[in-house]
Amino acid sequence: MDNKDTFEYNYSAERAKEVEAIRRKYEEPAEDKFEQLKALDRQAERRGQILSIAIGIIGTLILGIGMSMVMVGQAPYFIPGIIIGIVGVLTLSTAYPVYKKVTKKDRDKVAGQVLALAKQIQ
């Protein structure tokens, strides 16, 4: 029996999500003021974060070198190891102040834009 009056419909939630994700790739992004505000805030902190992380990594490596020299336990390495370790600690201790100073400077640069956008959103 050949039934030509039937209707078949297949719906897949996963397929619909995938279609939606592909469609979003090709759409023009909407100009959202809140997203612009968040992007400006991230931009103001980014340079300070990068610099403080770099200083922290360098300081940690210097401290590690000094600590390794001290742990060897031989006389010619002990005193230079302590000095190198102190230099590493001093380098590490500058990471947070550098972050605060650079971030404040960058926030001052974008403050006008942030305040204008915040006023428009409210």
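What covers the buried residues of α2? Among the elements that do so are α3 (75-93) and α4 (95-121), and the views below start from there. This is a predicted model, in which local features need pLDDT of at least 70, side-chain atom pairs count only at pLDDT 80 or more, and totals for chains, interfaces and linings use all residues. Residues are numbered from 1 along each chain as its sequence is written, and side-chain values use heavy atoms, with hydrogens and water left out.

**View 1. Helix α2 from end to end.** Helices here are DSSP runs of H or I with at least four residues, numbered from the N terminus. Helix α2 holds 40 residues (33-72), and at 1.5 Å a residue these should span 58 Å; the expected span is 1.5 Å times one less than the number of residues. The C-alpha atoms at its ends are 58 Å apart, which agrees. Look for a kink of about 30° centred on glutamate 45, where the bend is the angle between axes fitted to the seven residues ending there and the seven starting there. Just after α2, glycine 73 takes a positive phi of about 85°.

**View 2. The buried residues of α2.** Buried means under 20% relative accessible area, exposed over 50%, and partly exposed in between (1.4 Å probe, protein chains only). Buried residues of α2 include Leu37, Leu40 and Ala44, as well as Glu45, the residue at the centre of the kink. Further along, Gly48, Ser52, Gly56, Gly59, Gly66 and Met69 are buried too. The cover over them includes α3 and α4, with contact meaning heavy atoms within 4.5 Å.

**View 3. A salt bridge in α4.** A salt bridge is a side-chain nitrogen of Lys or Arg within 4 Å of a carboxyl oxygen of Asp or Glu, and the whole structure has seven. One of them joins aspartate 106 to lysine 109, with the closest N and O atoms 4.0 Å apart. The two are separated by about one helical turn, because they stand three residues apart in helix α4. Aspartate 106 is buried at 9% relative accessible area, whereas lysine 109 is exposed at 61%. Elsewhere, salt bridges that share partners join Glu20, Arg23 and Arg24 into one network.

**View 4. The network in α1.** Glutamate 20 meets arginine 23 at 2.2 Å, N to O, and arginine 24 at 3.6 Å. In helix α1 (residues 13-26), arginine 23 is three residues from glutamate 20, while arginine 24 is four residues from glutamate 20. Glutamate 20, at 28% relative accessibility, counts as partly exposed, and arginine 23 is partly exposed at 37%.
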